[in-house]
Amino acid sequence: MKTRMLGAALAIAALSGLLVASPAQAADGVSSIRIDPSRGDGGASVRTTVDFVSRTKVVFRNTTVRDLCPGDNMPVRARIIWRYTDGTNGYGAWKSDTNGCGDDGTNFGTSIRTGRKSIQRIFLEVSFVTRSGQRLNAYSQSRYNQYT
């Protein structure tokens, strides 16, 4: 009897370890992406807290875009992208850090995305222009909607 109970307890423990979501698959929480400065060019970062409310509604809190030094005076921008369950994408408006180098970035506060289509996941895009005129983009890992 004790052996069966021990075996069942170990099986449950093993299965519960398999059911824990990895950070890339986590639903609600902080999403961010950063392009580090290099070779005299600046960099950029964006960060937001994601809160899935339903299949079709997600809240983004404290969305912050930041221009990373060395003060190259080149544009920095970011946006939120959501993937619908039908495979198409939706795009938030581009947001820019206009405060320049050496600050905490521009905080755009809270925004809500809602509609009729089910949102499968979201991710962030950050973009800036190098001194040579090349545009660099980077994308965060996806956060999956636990309601879909």
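Which residue lies over the face of W94? In this predicted model, that residue is R77, at 3.8 Å from the ring centre. A second residue placed over a ring is K117, which lies over the face of Y84 at 4.4 Å from the ring centre. K117 will come back below, as its side chain also takes part in a salt bridge.

## Charged pairs

Side chains of opposite charge can pair when their charged atoms come close. How many salt bridges does the model hold? The count comes to four, and the table gives three pairs with their N to O distances.

| Pair | Distance, N to O |
|---|---|
| R34 and D36 | 2.4 Å |
| E125 and R79 | 2.8 Å |
| D86 and K117 | 3.0 Å |

Let us take these pairs one at a time, beginning with R34 and D36, whose closest N and O atoms are 2.4 Å apart. R34 is partly exposed, at a relative accessible area of 47%, and D36 is also partly exposed, at 49%.

Now for the partnership of E125 with R79, at 2.8 Å between the closest N and O atoms. E125 belongs to strand β9, while R79 belongs to strand β4 (residues 76-84), so this salt bridge ties together parts of the chain that are 46 residues apart in sequence. Are these side chains buried or exposed? E125 counts as buried, with 3% relative accessibility, and R79 is buried as well, with 19%. The cut-off for buried is under 20% relative accessible area, so the 19% of R79 falls within that class.

The D86 and K117 side chains meet at 3.0 Å, N to O. Their salt bridge links distant parts of the chain, 31 residues apart: D86 sits in the loop between β4 and β5 (89-91), and K117 in the loop between β8 (111-114) and β9. D86 is partly exposed, with a relative accessible area of 48%. K117 is partly exposed too, and its value is 37%. For K117, then, there are two things to look at in the viewer: the salt bridge with D86 and the place over the face of Y84.

## An aromatic pair

The model has one aromatic pair. The ring centres of F123 and Y139 are 6.3 Å apart and the ring planes meet at 65 degrees, so this pair is edge-to-face. F123 is part of strand β9 (residues 119-129) and Y139 is part of strand β10 (residues 135-139), so the two rings tie together parts that are 16 residues apart in sequence. F123 is buried, at 10% relative accessible area, whereas Y139 is partly exposed, at 45%.

## The nonpolar core and its strands

The largest nonpolar core has 21 residues, and the members that touch the most others are V46, F52, I119, I122 and V126. At least two residues of this core come from each of β1 (29-35), β2 (43-52), β3 (57-68), β4 and β9. Strand β9 therefore appears here as a contributor to the core and, above, as the home of F123 and of E125.

How covered is β2? This strand is mostly covered, with seven of its 10 residues buried. β2 pairs with β1 in the antiparallel sense over seven bridges, and R47 of β2 stands opposite S32. β2 also pairs with β3, again in the antiparallel sense, over nine bridges. A hairpin of four residues makes the join from β2 to β3. In a regular strand the side chains alternate between the two faces of the sheet.

F52 is a good residue to select if you want to explore this region. Its bridge partner in β3 is V58. Beyond its neighbours within four places in sequence, F52 has contacts that include A27, D28, K57, V58, I119 and I122. F52 is also in contact with R143, Y144, N145, Q146 and Y147. Two of these contacts, I119 and I122, are listed with F52 among the core members that touch the most others.

## A buried aspartate in a loop

One last stop is D103, in the loop between β6 (95-96) and β7 (106-107). D103 counts as buried, at 18% relative accessibility. Which residues does D103 contact, leaving aside its neighbours within four places in sequence? They are R66 and D97. D103 and C69 are 34 residues apart in sequence, and their C-alpha atoms are 9.4 Å apart in space.

Definitions and conventions: Residues numbered from 1 in each chain as written. Predicted model: local features only at pLDDT ≥ 70, side-chain atom pairs only at ≥ 80, totals over all residues. Heavy atoms only, no water. Phe/Tyr/Trp six-rings, centres within 6.5 Å; stacked < 30°, edge-to-face > 60°. Buried < 20%, exposed > 50% of the residue type's maximum accessible area, 1.4 Å probe, protein only. Lys NZ or Arg CZ within 6 Å of the ring centre and 35° of its normal. Core = buried A, V, L, I, M, F, W, Y, C linked by side-chain atoms within 4.5 Å. Contact = heavy atoms within 4.5 Å. Pairing = 2+ DSSP bridges.
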